[in-house]
Amino acid sequence: MDSFHWTQLLNPEFYINLQIAGVPVGIYVVLFIVFAETGLFAGFFLPGDSLLFLAGIYSGELMATLFSIEGDFLNVLLLSVLVACAGIVGNTFGYWFGAKSGTYLYQKEDSFWFKKKYLVQSHEFFEKHGGRAIIFARFLPVIRTFAPIIAGVVKMDKKKFMFYNILSSFLWAVTLIFAGHYLYGFCRDQFGIDLKSYIEYIILIIVAVTTVPLLINALKGKKITEEEAKAEATDDDDSNIIPPA
């Protein structure tokens, strides 16, 4: 058995191929990570987009843990449905947590697991895009962790939230998982390229594509201080107004 190194935690492939006592548990870990990244504010550091893309490549191995399915398309489709459901549950939990916590998160001090600036940036993103922010946030690291929490904090209509929650979850899961699976097959069949041999580069590309816009926005935007975050918590207008979808 290979020795473990903490850097493996940054590699989505580690979670997909994880085994406990020789038993593959990758599918369960993937579903938990999707739930945590979309429902727990401490999950913003977990791999999301790259994990789903790789899950598409390893869809056969992942689904074989649960049951044997005949048909390539059905394997990928069922995996996408499972991941989408995990995302729906995660976002629903995040909404509930935001509704219950109220202004507590804005007053909470920064820690390793929690950064107030991410919360405020997500709030601003949510105010700009309204209900559509739930969809956009699915494809943006960090933002997707806090968007459902913000929706709960500002008391977004539950039916409206669930509509965007379900729609965004399926769009996110289907897009990335199907892209990973069929791009892998296309490159293998047409060019003889095994994308599994270039996992590190794929991860770097996906991370760059999804995080660069956030970095650019952060550099352009003003620095958010703790005082500003606390002021945001006491702003009655922000807590009661939901922008149009």
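**Exercise 1. Classify S50 as buried or exposed, and describe its surroundings.**

Step 1. The relative accessibility of S50 is 7%, so S50 counts as buried (buried means under 20% relative accessible area, exposed over 50%, partly exposed in between, with a 1.4 Å probe and protein chains only). The model is predicted: local features need pLDDT of at least 70, side-chain atom pairs count only at pLDDT 80 or more, and totals for chains, interfaces and linings use all residues. Residues are numbered from 1 along each chain as its sequence is written, and side-chain values use heavy atoms, with hydrogens and water left out.

Step 2. S50 belongs to helix α3, residues 49–57 (helices are DSSP runs of H or I with at least four residues, numbered from the N terminus).

Step 3. Leaving aside residues up to four places away in sequence, S50 touches P12, I203 and I206 (contact means heavy atoms within 4.5 Å). I206 lies 156 residues from S50 along the chain, yet their C-alpha atoms are separated by 6.0 Å.

**Exercise 2. Describe helix α2 and how it packs against helix α5.**

Step 1. Helix α2 has 14 residues and reaches 20 Å from its first C-alpha to its last, close to the expected 20 Å (1.5 Å times one less than the number of residues).

Step 2. Ten of the 14 residues of α2 are buried, among them I27, V30, V34 and E37.

Step 3. Helix α2 (residues 26–39) and helix α5 (residues 72–101) pack at an angle of about 35°, with axes 7 Å apart (axes are lines fitted to C-alpha atoms over the stretch in contact, and angles run from 0 to 180 degrees between N-to-C directions).

Step 4. The contact includes V30, L31 and F35 of α2 and L82, V83 and F93 of α5. By class, it has eleven nonpolar, six polar and no charged residues.

**Exercise 3. Which geometry does the ring pair of F163 and Y164 have?**

Step 1. A pair of aromatic rings is described by the distance of the centres and the angle of the planes.

Step 2. The ring centres of F163 and Y164 are 5.3 Å apart and the planes stand at 75°, so this pair is edge-to-face (rings of Phe, Tyr and Trp, the last by its six-membered ring, pair if their centres lie within 6.5 Å; planes under 30 degrees apart count as stacked, over 60 as edge-to-face and the rest as tilted).

Step 3. F163 is exposed at 52% relative accessibility, whereas Y164 is buried at 12%.

Note on methods
Helix = DSSP H or I, 4+ residues; strand = E, 2+ residues; numbered from the N terminus. Nonpolar A, V, L, I, M, F, W, Y, C, P; charged D, E, K, R; others polar.
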